[in-house]
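Q: I have a new structure to read. Could you take me through some features, one at a time?

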Amino acid sequence: YLKISKLALAFAIIHSKPPGKSCKEYAEHLAKIVSEQDTSLASGSLWKSKVEALEAEVLRLRQELLLNKICPKFGLENRKSSASDENLLAQECANPPSYSSQLEDSGCDVSNDCSFDSLGATSDFHQSEHNLHTSKYCLEVVPPLSLCCANKEEPLTAPVQFLQRLLEIRKLSEIGDLQADLTKLEDDSFTICSSVSQLLDGLTAFYNSPKFPVSDILTEAICVLGSLIADTKLSNHVLKKCFKKLDEFQKKIIQIILNNSSINRFQALSAVSQVLVLLGRNNVLRNSLISLLLSEVHQFAEQMCQAHQIQDAYDITQYENIFYLFMILEQLLQSKTEESNVSSLQYIEEERNKFMKNLDQIILHLSDEFPLFSLYLWRVSVLLNSAQIQ
């Protein structure tokens with residue numbers, strides 16, 4: 001193959017050489033052009049990396065400037081929490097129970113952490129309630145920067161540290177331990193939005209190709225994201241500016257769950273699912289997330305029904321992964337039913353109607369060959385109906 005390629009290249013050079021130049025001269029001329037192109041491409045990628053580094057540095061300086069505007073005298077030495085509280089928080093955030101237990105095995109064991117309860121939901125999703133309490137605790141006592149991962153190459157480090165410090169200032173000012181001018185947040189929304197965007201991009205990059213065990217900085221990133229959404233004052237400001245980015249992040253995470261085809265993927269999918277459950281704690285994000293999940297499940301159910309009718313093959317990987325979407329959806333719908341907020345249901349009414357349309361026929365066609373899938377479809381429909389009745 002190499003000899004044929006060289007021969008073809010030689011013939012091409014001979015046939016295309018301009019008059020007045022020898023084949024050797026023309027070949028050297030072409031080699032010089034290609035070499036210059038390679039150099040310019042390498043130079044371009046180098047400049048691109050330099051620009052990205054400079055943009056990251058500018059964002060870091062803007063973060064520092066904003067914190068100084070909000071509270072010039074703020075420092076870690078002014079914190080009122082004890083060292084024991086800080087150590088306890090660092091231990092909680094670095095080693096949450098759901099991650100430490102579920103990510104040590106191969107993902108094939110169905111005992112203990114991966115066992116199903118009588119309702120069919122995994123214990124990982126029941127464990128998310130504990131993770132929420134951990135996030136609330138992180139909100140109450142945000143760890144100082146010295147407790148963060150010090151890896152400067154980690155893209156999550158800068159936004160996590162900035163948002164941690166912002167949450168800490170907000171909390172201390174609320175209880176009266178610190179004088180802070182939070183109106184400055186409205187004047188510089190770009191810095192906060194860019195930091196949240198950077199955090200979401202870092203999480204997306206990790207979950208596209210996750211490596212376990214999870215690093216401390218990733219655990220802190222999820223903790224900070226949950227605390228930011230749980231904080232009513234900061235959350236409203238962030239959601240107003242970053243809703244589109246958060247919506248795109250949710251769509252990407254859903255696709256990551258559906259299309260993950262690695263052998264031991266169930267550990268990673270369980271961890272990714274926790275992020276969506278965390279985002280769903282916010283009412284606004286929960287409504288949009290429920291709509292997205294209903295749309296994906298309904299689309300897949302129609303594909304399954306069509307494949308069954310014509311006896312065609314279906315994507316078994318997506319079939320296995322779709323149950324994680326079912327479990328996320330069930331948990332979000334259960335919490336919504338408990339709130340019995342009728343006005344918020346109008347937001348997802350369109351997707352609900354699409355989901356319920358022809359659902360009985362779909363379940364009837366699939367119940368014999370796919371009983372578990374049909375059962376989950378029915379359970380979601382029951383939760384949707386009960387929420388509407390309330």
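Q: Is Gln311 buried or exposed?
A: This is a predicted model, so every value here is computed from predicted atoms. Relative accessible area over 50% counts as exposed. Gln311 reaches 65%, so Gln311 is exposed.

Q: Where does Gln311 lie?
A: Gln311 lies in the loop between helix H12 (283-309) and H13.

Q: What should I look for in the phi of Gln311?
A: Start with the general rule. Most residues other than glycine have a negative phi. Now the case: the phi of Gln311 is near 55°, a positive value in a residue other than glycine.

Q: What is the phi of Asn358, and where does Asn358 lie?
A: Phi of Asn358 is near 60°, again positive in a residue other than glycine. Asn358 lies in the loop between helix H15 (349-356) and H16. With 43% relative accessibility, Asn358 counts as partly exposed, because the value falls between the cut-offs of 20% and 50%.

Q: Let us turn to rings. How many aromatic pairs does the structure hold?
A: The structure holds 12 aromatic pairs. Take Phe266 and Tyr324 as one of them. Their ring centres are 6.5 Å apart, with 20° between the planes. Planes under 30 degrees apart count as stacked, and this pair is stacked.

Q: Which parts of the chain does the pair of Phe266 and Tyr324 link?
A: The pair links distant parts of the chain. Phe266 is in helix H11 (residues 266-279). Tyr324 is in helix H13 (residues 316-339). The two residues are 58 residues apart.

Q: Is Tyr324 buried or exposed?
A: Tyr324 is buried, at a relative accessible area of 12%. Its partner Phe266 is partly exposed, at 27%. The cut-off for buried is under 20%, so 12% passes for Tyr324, whereas Phe266 has 27%.

Q: What kind of pair do Phe326 and Tyr376 form?
A: Phe326 and Tyr376 form a tilted pair. The centres are 5.3 Å apart, and the planes make 40°. Phe326 lies in helix H13 and Tyr376 in helix H17 (residues 371-389). These residues are 50 apart in sequence, so the pair ties together separate parts of the chain. Both Phe326 and Tyr376 are buried.

Q: Which residues do ring pairs link into a cluster?
A: Ring pairs can chain together. Here they link Phe300, Tyr314, Tyr319, Phe323, Phe326, Phe370, Phe373 and Tyr376.

Q: What sits over the ring of Tyr376?
A: Rings can also meet charges. The charged end of Arg379 sits over the ring of Tyr376, 4.7 Å from its centre.

Q: Which residues make a nonpolar surface patch?
A: Leu372, Leu375, Trp378 and Val382 make a nonpolar surface patch of about 360 Å². Look at Trp378, which lies in helix H17. Trp378 is partly exposed, with a relative accessible area of 47%.

Q: Now polar side chains. What does the side chain of Thr191 contact?
A: The side chain of Thr191 makes a polar contact with the side chain of Arg62, at 3.3 Å. Thr191 lies in helix H8 (residues 189-208). Thr191 has 0% relative accessibility, so Thr191 counts as buried.

Q: What does the side chain of Ser335 reach?
A: A side chain can also reach the backbone. The side chain of Ser335 reaches the backbone oxygen of Leu332 at 2.8 Å. Ser335 is found in helix H13 and is buried, with a relative accessible area of 18%.

Q: How do I read a C-alpha separation, such as that of Ser335 and Gly280?
A: Set the distance in sequence beside the distance in space. Ser335 and Gly280 are 55 residues apart along the chain, and their C-alpha atoms are separated by 9.5 Å. Try Ile362 and Cys305: 57 residues apart in sequence, 6.2 Å apart in space, C-alpha to C-alpha. Ile362 lies in helix H16 (residues 359-366) and is buried, at 6%.

Q: How far apart are Ser227 and Gln164?
A: In sequence, Ser227 and Gln164 are 63 residues apart. In space, C-alpha to C-alpha, they are 8.9 Å apart. Ser227 has its place in helix H9 (residues 216-230). Ser227 is buried, with a relative accessible area of 1%.

Note on methods. Residues numbered from 1 in each chain as written. Predicted model: local features only at pLDDT ≥ 70, side-chain atom pairs only at ≥ 80, totals over all residues. Heavy atoms only, no water. Phe/Tyr/Trp six-rings, centres within 6.5 Å; stacked < 30°, edge-to-face > 60°. Helix = DSSP H or I, 4+ residues; strand = E, 2+ residues; numbered from the N terminus. Buried < 20%, exposed > 50% of the residue type's maximum accessible area, 1.4 Å probe, protein only. Lys NZ or Arg CZ within 6 Å of the ring centre and 35° of its normal. Patch = residues over 30% accessible without salt bridge, like charges linked within 9 Å, V, L, I, M, F, W, Y side chains within 5 Å. Areas by Shrake-Rupley, 256 points an atom, 1.4 Å probe, with all protein chains shown as cover. Salt bridge = Lys/Arg side-chain N within 4 Å of Asp/Glu carboxyl O. Polar contact = N/O pair within 3.5 Å; in protein donor to acceptor, adjacent residues only side chain to side chain.
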